[in-house]
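Trainee: Got a minute? I'd like to go through this model with you.
Mentor: Sure, put it up.

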Amino acid sequence: MSRSAARHSLAVAVPLLLLAAASPLLAQADAQEVKIETVGVADGVYMLVGQGGNIGVSAGEDGVFLIDDQFAPLTEKIQAAVAEVSDQPIRFLVNTHWHYDHTGGNENLGQAGAVIVAHDNVRKRMEAGGLIEFFKNQIPPAPKAALPVITFADSVSFHLNGDELHVFHVPPAHTDGDSIIHFKGANVVHMGDL
Ligand SMILES: [Zn+2]
């Protein structure tokens with residue numbers, strides 16, 4: 001194989017790997033293989049690593065605040081991982097953006113009682129469905145239970161668990177509805193896919 005041919009096949013392989021890792025059709029069999037790893041970040045702050053976007057957690061006396069929720073078939077494992085660090089319910093769920101590897105568990109968690117919060121455009125895009133350019137994937141409209149019920153244009157703050165969690169929108173970047181979550185007291189940021 002010539003050197004240029006080798007370069008070409010590598011260039012093709014990388015996007016395919018990205019697609020495979022973020023398929024919206026995470027099969028139940030694949031989900032069974034996924035293990036949710038809990039990483040301590042600060043006092044009462046955790047990162048859950050499974051498949052899809054990493055999840056942020058604030059856990060404490062006021063309940064559990066979750067950032068993103070990966071894929072629907074992983075919800076029970078995510079709930080079990082949360083239960084290891086808190087005996088409180090998941091009260092709030094914030095989506096950093098509308099992509100399915102960050103919102104796939106919305107319907108399950110919304111039905112379980114979490115209040116879903118996101119930028120205005122997250123709800124708009126989930127409601128309408130549409131093309132995710134990065135994955136070249138056409139996404140159908142989300143069911144009502146998966147949609148954020150509280151939306152904001154610029155920012156919103158949560159006063160929970162002894163911290164101020166400042167959720168703020170940034171100008172169009174990865175999508176037109178990206179938010180960063182700054183745990184002001186813990187000095188932690190969750191940046192979604194930014
Ligand atoms: Zn994304």
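Trainee: What is the strand order in the open sheet of 4 strands?
Mentor: The order is β10-β11-β12-β13, and the pairing is antiparallel. Keep in mind that this is a predicted model.
Trainee: Which strands stand at the edges?
Mentor: β10 (155-160) and β13 (188-190). Each has a single partner strand, so one side of each lacks a neighbour in the sheet.
Trainee: And by how many degrees are neighbouring strands turned against each other?
Mentor: On average 15 degrees, ignoring direction.
Trainee: How many bridges join β11 and β12?
Mentor: There are 5, linking residues 163-169 of β11 with residues 179-183 of β12 in the antiparallel sense. In one of them, Leu-165 has Phe-183 of β12 as its bridge partner.
Trainee: Switching to pockets. How much space is in the largest one?
Mentor: About 440 Å³. Its lining has 20 residues, and those closest to the centre are Tyr-100, Thr-103, Gly-104, Ile-139 and Pro-143. α4 (100-103) and α5 (106-111) each give two or more residues to that lining.
Trainee: What classes are those lining residues?
Mentor: 15 nonpolar, 4 polar and 1 charged.
Trainee: And the second largest pocket, how much space there?
Mentor: About 160 Å³. Met-47, Ile-55, Gly-56, Val-189 and His-190 are the closest to its centre, out of 16 lining residues. Two or more lining residues come from each of β2 (45-49), β3 (55-60) and β13.
Trainee: Last one. Where does pLDDT stay under 50?
Mentor: Over residues 1-22. Where pLDDT is low, don't read the predicted coordinates in detail. For the protein, the mean is 89, with 87% of residues at 70 or more.

Terms used:
Residues numbered from 1 in each chain as written. Predicted model: local features only at pLDDT ≥ 70, side-chain atom pairs only at ≥ 80, totals over all residues. Heavy atoms only, no water. Pairing = 2+ DSSP bridges. Axes fitted to C-alpha atoms, helices over the stretch in contact; angles between N-to-C directions. pLDDT = per-residue confidence, 0-100. Contact = heavy atoms within 4.5 Å. 1 Å grid on protein atoms, 1.4 Å probe; cavity = no way out; pocket = protein on both sides within 12 Å on 5 of 7 lines; lining within 4 Å. Points joined across faces, edges and corners; volume = space filled by probe spheres on them. Nonpolar A, V, L, I, M, F, W, Y, C, P; charged D, E, K, R; others polar.
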